[in-house]
Amino acid sequence: MEFPKDQIDELLSIYPGAKQMEEGGTPYFLLPGVALPGGATPASVDLLLRPLLLDGYDSRLYYAQKPTFAQRKHPEALNWNADGVHILSRNWFAFSWRTLPGLTLAQMVAMHLGAVR
Amino acid sequence: MKIQLKIPRQIYQRIMADIASPHPFAYERIGFCRVRIGDRGASTQFIFVTDYWPVPDDQYIPDDFAGARINNQAIRSALQASLSSGDGIFHVHMHDHSGVPDFGSMDLEEIPRIVESLTFANADVPHGMLVLSHDMATAHAVMPGGELQIVDRISVVGQPTLVISDQPLFSGGERFNRQSFLGPLAPQRINSLRVGIIGLSGGGSHIAQQLSHAGFADFVFFDGQSIDIYNLNRLVGATEQDVARGLLKIAIADRVVTGVNSACKTLPVAARWQEHPEALRSCDIVFGCVDGFDERRQLEAACRRYLIPLIDVGMDVVQIAGQPPRLFGQVILSLPGHPCLHCIGFLNDRTLTAEAQRYGDAGPNPQVVWPTGVLTSTAVGIAVDLATGWTKTAPGLIYKCYDGNIGELTDHSRYEHVKHKVCHHYKLQDAGDPN
């Protein structure tokens, strides 16, 4: 699946090393070693963005490890409902979070990370 | 470190058809395989053949002292293929006999030089040499950073799935006299395959028991749960004492299969397969007895990536107001290079969304012993055919559905429409570790 070049360039400018991958016909973007907000432990992890609608979510952001966020201010508790999901030969974790349709790739990541600020 | 080489049957057949055809003057034919690595860095690493191309006739050099000799252009194309694709390359030729082939002295003098050149061109991937006979194979490979070494195991994946490298001869075939119609090699072939079973409750317990009776003797069991009283309605081999002791379901399966055949080797994993994916990757055939669509999606993705046939088994009961409960189930063979669970519509956005919305609220699925018996017996029959090829059925998708209310097992209504679909979700050339 192809994404607009300007969106990929934007993603690469924010997350150098971002890489498009695919499994089972579903596209993913691997974002290596992303520094997390919210006083996270660990402070940085690999992230995996699934940028399209599947399983009812317009997009999902998976974490290679399940971090804790000591300074998170968002009032809504995180519901980690993807727990050790095996994608691209690794296990990933994600909390339930809705993004809007029509976002750019970078906007999707920003909106997911907004949940842990 | 051990090395296993896996060849999809589609590509194996292309190799055999090409390499056995006569050349205008050479005595043998040569080709090259493109390969990818799986489980890089693990104690057992995999090499997956993802493509094959023959050396064109005009790239052979006449040489009365060699079975076949190819020119620099043929070798340059192999080097270029590795550089441009990032894949490893295997030199392939054939010796015209049956049984285990050996590299000849000239092979061992000349082909390693080609392999060395390939390693100079691209040292990050495996390269090697493969010699085939009519029915067996031998290979040497250089893994990244390693030396040329013998490949420990070579298998052809498909229908049938066979180990074609040298292996210990199986003794004890007399036990299987009543299933001799499967062919004289059937006991050996069945015995040589490692089977993974994901979930050892209602479905998996049946499968383990039947497989051990049929002669399968190398098992990997995945299930982290202990038996509970409510499992006794369907978990084959379980007893009240097991419930009292809180025995793990994998321990019961282990007891059942080793009780049938004390020579069975078992690797019981008391966890989800995702936590020990290397154990899953070591299997030749995997049975998925899992709940849920997303679990199936993950399992099929892993099996396709590591070229493992997956047999999915499941059942459910639907309650419709004013009608008796409707009991149904399915058995699906997902074979690398053939239609997958997405292709046949079993996995789709609707089913995955519905499941995600039920998250945490599913409750226990209804499960009973008799439909599971029908479905798992069908699944075991598929595995025996995969191991022996006794039905000589054309390889490909199997998609059976079971109506438990009337006791009828038929091809799914979509089967005719999807059985020849070309799978775009999992391409053979994408086998191996993600890039």
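How many Å² does the accessible surface of chain B come to, and what percentage of this surface belongs to carbon and sulfur atoms? The accessible surface of chain B comes to about 18900 Å², and 53% of that surface belongs to carbon and sulfur atoms. The legends below describe a predicted model.

**Figure 1. Chain B contains 12 helices and 17 strands.** The C-alpha trace of this chain spans about 80 × 50 × 40 Å along its principal axes. Chain B has a radius of gyration of 23 Å, which agrees with the value near 22 Å for a compact globule of 435 residues. Of the 435 residues in chain B, 56% are buried. When contacts between residues at least 6 apart in sequence are considered, 69% of them in chain B join residues at least 24 apart. The side chains of chain B include 36 positive and 46 negative ones, and the centres of these two sets lie 4 Å apart.

**Figure 2. Chain A contains 2 helices and 8 strands.** Along the sequence, the pattern is α-β-β-β-β-β-β-β-β-α. The radius of gyration of chain A is 13 Å, close to the 13 Å given by the globule rule for 117 residues, so chain A is as compact as a globular protein of that length. The C-alpha trace of chain A spans about 35 × 25 × 25 Å along its principal axes. Buried residues account for 53% of the 117 residues in chain A. Among contacts in this chain between residues at least 6 apart in sequence, 49% join residues at least 24 apart. Chain A exposes about 5300 Å², of which carbon and sulfur atoms supply 54%. This chain carries 10 positive and 11 negative charges, and the mean positions of the two groups are 8 Å apart.

**Figure 3. Arg297(B) is in contact with residues of chain A and of chain B.** Arg297(B) is placed in helix α9 of chain B, which covers residues 293–305. The residue is buried, with a relative accessible area of 7%. Neighbours within four places in sequence are left aside in the list of contacts that follows. From chain A, Arg297(B) is in contact with Tyr28(A), Val85(A) and Ile87(A). From chain B, the contacts of Arg297(B) are His342(B), Leu347(B), Leu352(B) and Tyr426(B).

**Figure 4. Gln357(B) is an exposed residue in helix α10 of chain B.** This helix comprises residues 349–357. The relative accessible area of Gln357(B) is 61%. Along the chain, Gln357(B) and Thr410(B) are 53 residues apart, and their C-alpha atoms are separated by 31 Å.

**Figure 5. Cys303(B) and Cys340(B) are buried cysteines of chain B.** A disulfide is a covalent bond between the sulfur atoms of two cysteines. Over all chains, the count of disulfides comes to 0. Cys303(B) is in no disulfide, and the nearest cysteine sulfur, that of Cys283(B), is 8.2 Å away. Cys303(B) has a relative accessible area of 1%. Why does the sulfur of Cys340(B) form no bond with the closest cysteine sulfur, in Cys343(B)? The two sulfur atoms are 3.6 Å apart, which is too far for a bond, because a disulfide requires a pair of cysteine sulfur atoms within 2.5 Å. Cys340(B) has a relative accessible area of 1%.

Technical notes: Residues numbered from 1 in each chain as written. Chains lettered and ligands numbered in written order. Predicted model: local features only at pLDDT ≥ 70, side-chain atom pairs only at ≥ 80, totals over all residues. Heavy atoms only, no water. Buried < 20%, exposed > 50% of the residue type's maximum accessible area, 1.4 Å probe, protein only. Helix = DSSP H or I, 4+ residues; strand = E, 2+ residues; numbered from the N terminus. Rg over C-alpha atoms; globule rule 2.2 N^0.38 Å. Contact = heavy atoms within 4.5 Å. Areas by Shrake-Rupley, 256 points an atom, 1.4 Å probe, with all protein chains shown as cover. Lys, Arg positive; Asp, Glu negative; His and termini not counted. Charge placed at Lys NZ, Arg CZ, Asp CG, Glu CD.
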